[in-house]
Amino acid sequence: MAELAALEDPKARKVNEKHGDDHGVNLGKLRALAKRLKPQQELARRLWETDDTAAKLLATLICRPKAFERDELDAMLREARTPKVHDWLVNYVVKKSAHAEELRLAWFADSDPVVASAGWALTTERVTKKPEGLDLAELLDVIEAEMKDAPDRLQWAMNSCLAQIGISHAEHRARALDIGERLEVLKDYPTPPNCTSPFAPIWITEMVRRQHDE
């Protein structure tokens, strides 16, 4: 905890707080610390219990994802107060655990939109890597009906799923583009130069173009 406190940078905190993340640790330095510590499950659990955002982020980097029980991961997700902790927990821990599919189904249907967004993130992973068994047309139906009015983090997760369906599945691309054009979600999102807009029609078109160029 003392080492994490020493890495605190007020400028970084100011930037992070704009995104809802209450920590000021440079993530490159955090990753370097994790590399030095190597995986330590007991330390990861203790760091998580501090309820300090930087400590929780470090915990996701040094834990052993397969060592967690299903209910433990469910509780951790509900405790992940900030977007970055939520994101790292889903991507670095839950996706690598044995309970990812079971939790995907449970979270997808959860009434809490932040929990549901984790279900959508896990669904997007399957859309891209293991789509067998998923009903992509039905997913597009839900996105078409609900994405426009969804709370921010759920909307972002649904939009990512829409884009990945369009990018990875040519047979659904025209419909994904059409839904994106009509709903206009994230159309005006400020995008830095050399970055791809998260507006689904632009995102899909650009990624498909890159695939053709390769």
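This report walks through the pockets, one buried serine and the salt bridges of the structure above.

A quick word on the ground rules. This is a predicted model, so to speak of local features takes a pLDDT of at least 70, side-chain atom pairs count only at pLDDT 80 or more, and totals for chains, interfaces and linings use all residues. Residues are numbered from 1 along each chain as its sequence is written, and side-chain values use heavy atoms, with hydrogens and water left out.

**Pockets**

Rolling a probe the size of a water molecule over the atoms shows where empty space is left. On a 1 Å grid over the protein atoms alone, a pocket is an open set of points where a 1.4 Å probe fits, with protein on both sides within 12 Å along at least five of seven lines; a lining residue has an atom within 4 Å of a point. Points are joined across faces, edges and corners, and the volume is the space filled by probe spheres set on them.

The largest pocket holds about 1200 Å³ of space. Its lining has 33 residues, and Pro83, Lys84, Asp87, Arg153 and Trp156 are the closest to its centre. At least two lining residues each come from helix H2 (10-18), helix H7 (83-93), helix H9 (113-129) and helix H11 (152-168). Helices here are DSSP runs (H or I, at least four residues), numbered from the N terminus. Sorted by class, this lining has 13 nonpolar, 12 polar and 8 charged residues. Ala, Val, Leu, Ile, Met, Phe, Trp, Tyr, Cys and Pro count as nonpolar, Asp, Glu, Lys and Arg as charged, and the others, Gly among them, as polar.

The second largest pocket has about 190 Å³ of space. Its lining includes Lys95, Ser97, Arg104 and Lys130. Helix H8 (100-108) and H9 are the elements giving two or more residues to that lining, and H9 gives the most, with 4. By class, the lining of the second largest pocket splits into 2 nonpolar, 1 polar and 7 charged residues.

**A buried serine**

Ser160 sits in helix H11. With a relative accessible area of 15%, Ser160 is buried (buried is under 20%, exposed over 50%, partly exposed in between, using a 1.4 Å probe and protein chains only). Leaving aside residues up to four places away in sequence, Ser160 touches Thr124 and Trp203; contact means heavy atoms within 4.5 Å.

**Salt bridges**

Side chains of opposite charge can pair when their charged atoms come close. The structure holds 23 salt bridges, each a side-chain nitrogen of Lys or Arg within 4 Å of a carboxyl oxygen of Asp or Glu. Here are some of them, with the distance between the closest N and O atoms.

| Acid | Base | Closest N and O atoms |
|---|---|---|
| Asp22 | Arg81 | 3.5 Å |
| Asp51 | Lys56 | 3.1 Å |
| Glu184 | Lys187 | 3.4 Å |

Asp22 lies in the loop between H2 and helix H3 (27-37) and Arg81 in the loop between helix H6 (70-79) and H7, so this pair ties together parts that are 59 residues apart in sequence. Asp22 is partly exposed at 31% relative accessibility, and Arg81 is partly exposed at 43%.

In the next pair, Asp51 is partly exposed at 42%, while Lys56 is buried at 3%.

For the last pair, Glu184 is partly exposed with 40% relative accessible area, and Lys187 is partly exposed at 40%. Elsewhere, Asp141, Glu144, Arg175, Asp178 and Arg182 are joined into one network by salt bridges that share partners.
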